[in-house]
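Reader: I'd love a close look at a single part of this model, taken slowly. Could you walk me through it?

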Amino acid sequence: MVDITSDRIETGDRSVARAKALARYRIPDSIFEVLTRSAAIVVLVILGGVILSLIRGALPVFETFGFDFLGTSSWNPAKERFGALAPIYGTVISSLIALVIAMPLGIGIAIFLTELCPMPLRRPIGIAIELLAGIPSIIYGIWGLFFFAPFLQANVQPLLIETFGELPLIGALFAGPPYGVGLLTAALVLSIMILPFITSISRDVFETVPPMLKESAYGLGCTTWEVVRHVVLPYTRVGVIGGIMLALGRALGETMAVTFVIGNVHKVAGSLLAPATTISATIANEFAEASGDLYVGALIALGLILFFITFLVLAGARLLLLRLEKRAGA
Amino acid sequence: MALTEAQLAKYRRRARGGRIRMALSLGATLVGLTALALILGALVSKGIAGLNLAVFTETTPPPGSTGGLLNPIVGSVLMTLIAVAIGTPLGILAGTWLAEYGAHSKLAGVIRFINDILLSAPSIVIGLFIYELMVRPVGRFSALAGAVALSVIVIPVVLRTTEDMLRLVPTQLREAAFALGMPRSLVIRRVVYKAASTGMVTGVLLAVARISGETAPLLFTALNNQFFNADLTQPTASLPVVIFQFAMSPYKQWQDLAWAGALLITFTVLALSVFARALSSRTK
């Protein structure tokens, strides 16, 4: 930027007065810049604060149990024995199942909205799907607890047990009575929650496919599905994967919806129908009542593990999407 | 050249397979819409049944008796306002630096990346952070801690929208202002902000929508309070936390109140986001 104050090409009283007037802005001007820069640095401070405070809070636990904390599943506050295996297992498995369900649905909706849906309906349906993302997670939780879980318990789970329960390998996944709440219920609620994230990112990247490419494929005699499968999806692969990872990050960290419907049992059961727990559900349920440094520390250590896992997933997602933006910009 | 019978048959098969797969995409959409309808339907039918005047005028009842949601409503509004008051200026200033000053610097790239991660970071972890920062040292849960936890969620949302909106302002507008001899900070505040104001308001609205339903970060910062409280240094009730407590309880009156609260929150959030969307589509 040109330094206005030193710009004295004209001479005379008026220009001197003008330069003086401008000089008055010099200090406020740099103060404003410093202010904005400090505010930007606050973002880094927050991240640093989160990491440092979690590490500090979790320290007593890692000092007591070492890395056994990650590998054992006993969770006994009375005897002060803590292991993170059950919540980690619950978090990872429920999120992965949610992803497996939401991925085809989310991409399917995006395909429908970009290729098949009549123009006047595109906006309303798109908005409706995005409303799913706007509903607070506690609402999913309360709905899951009072409507969805009883429905699954009465109608879906007995059917699953009947159909798969006797089979040799898969049977173990559907063992036990239909509790209603449990790993599978949590995963299903999660899949509805992350659906809109997958859809909206997929739709955005689908729209970046050059019409020329699609038209060439149609010109060769491809059907709509073949164009989607062999032109649109390969072209947008990176973006779609980025969106899916972003959704996975959401699912891993989701708290309230899961807390209501997972059953909160510290056990690695193997069956998808059994009650389980996740990292976030454990923290949400037990933190306010936790007494003793070790108990609180164990919960904070869980938080640290969760933050670490989601950070990796989200960072991966962002890097993929960033690469895409660069390609689009070039 | 005419197609042979075999080629035609093959093409028909491909077309049929394609139609089936495209029909599946319609099915996926129907699943999504059905889920939305089921959730909203349950919410409206259960929520309206629990909604009455007492919900807004009475405080939360002890188990087994009737009451309202006055204290959690006031607590939620209070904490949301403070969170926005803290988070908005920080988010706007930081977004300004990213768009106007630091735009292409390495630091800006790093901040942008970290901010995007904070945008979807688990909110319960942010609750733990504020607990370690503001609750543990004092030994007391407080509305202020809850508000700060919420403001940590506000900052990334406002930052992101501010930066995006400022980038949409045409460079020529800035150049015209510079040519008139305006200092840089004035160009930003008087010209760029003015041009981007609608978009920036949208960002704040979205942030409010986001935090109105947040439960996890309040569970161990503001905690809960059965009584009316406007003292910021005391534990304070909020709608989401009360819904959590009441819905998980075995008492019928509490569950009814939880549904009424759930309806209130959802419609506030959806109204805010629809309003924000209307604002932003008007500018485009």
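How many salt bridges are there between domain 1 of chain A and domain 2 of chain A?

Author: Happy to! The count of salt bridges between domain 1 of chain A and domain 2 of chain A is zero. Do keep in mind that this is a predicted model.

Let's set the scene first. In the domain assignment of chain A, domain 1 covers 1–65 and domain 2 covers 68–329. Their C-alpha centres are 40 Å apart, and the two domains do meet: twelve residues of domain 1 of chain A are in contact with 14 residues of domain 2 of chain A.

Now for the character of that meeting. Together, domain 1 of chain A and domain 2 of chain A bury about 1,200 Å², and 86% of this lies on carbon and sulfur atoms. If you would like residues to click on, try A:Leu54, A:Val61 and A:Phe65: these supply 52% of the area that domain 1 of chain A buries against domain 2 of chain A, more than any other three residues.

The make-up of the surface is worth a look too. Sorted by class, the side of domain 1 of chain A that touches domain 2 of chain A holds ten nonpolar residues, two polar ones and no charged ones. As for polar contact, the count between domain 1 of chain A and domain 2 of chain A is one residue pair, with both residues at pLDDT 80 or more. So, to come back to your question: a salt bridge needs a side-chain nitrogen of Lys or Arg within 4 Å of a carboxyl oxygen of Asp or Glu, and the touching side of domain 1 of chain A has no charged residues.

Methods: Residues are numbered from 1 along each chain as its sequence is written. Chains are lettered from A and ligands numbered from 1 in the order in which they are written. This is a predicted model: local features need pLDDT of at least 70, side-chain atom pairs count only at pLDDT 80 or more; totals for chains, interfaces and linings use all residues. Side-chain values use heavy atoms; hydrogens and water are left out. Domain bounds come from an automatic or database domain assignment. Contact means heavy atoms within 4.5 Å. Buried area is the accessible area (1.4 Å probe) that two parts lose on being put together, summed over both. A polar contact is a pair of N or O atoms within 3.5 Å; within protein, one must be able to donate a hydrogen and the other to accept it, and residues adjacent in sequence count only if both atoms are side-chain atoms. Ala, Val, Leu, Ile, Met, Phe, Trp, Tyr, Cys and Pro count as nonpolar, Asp, Glu, Lys and Arg as charged, and the others, Gly among them, as polar.
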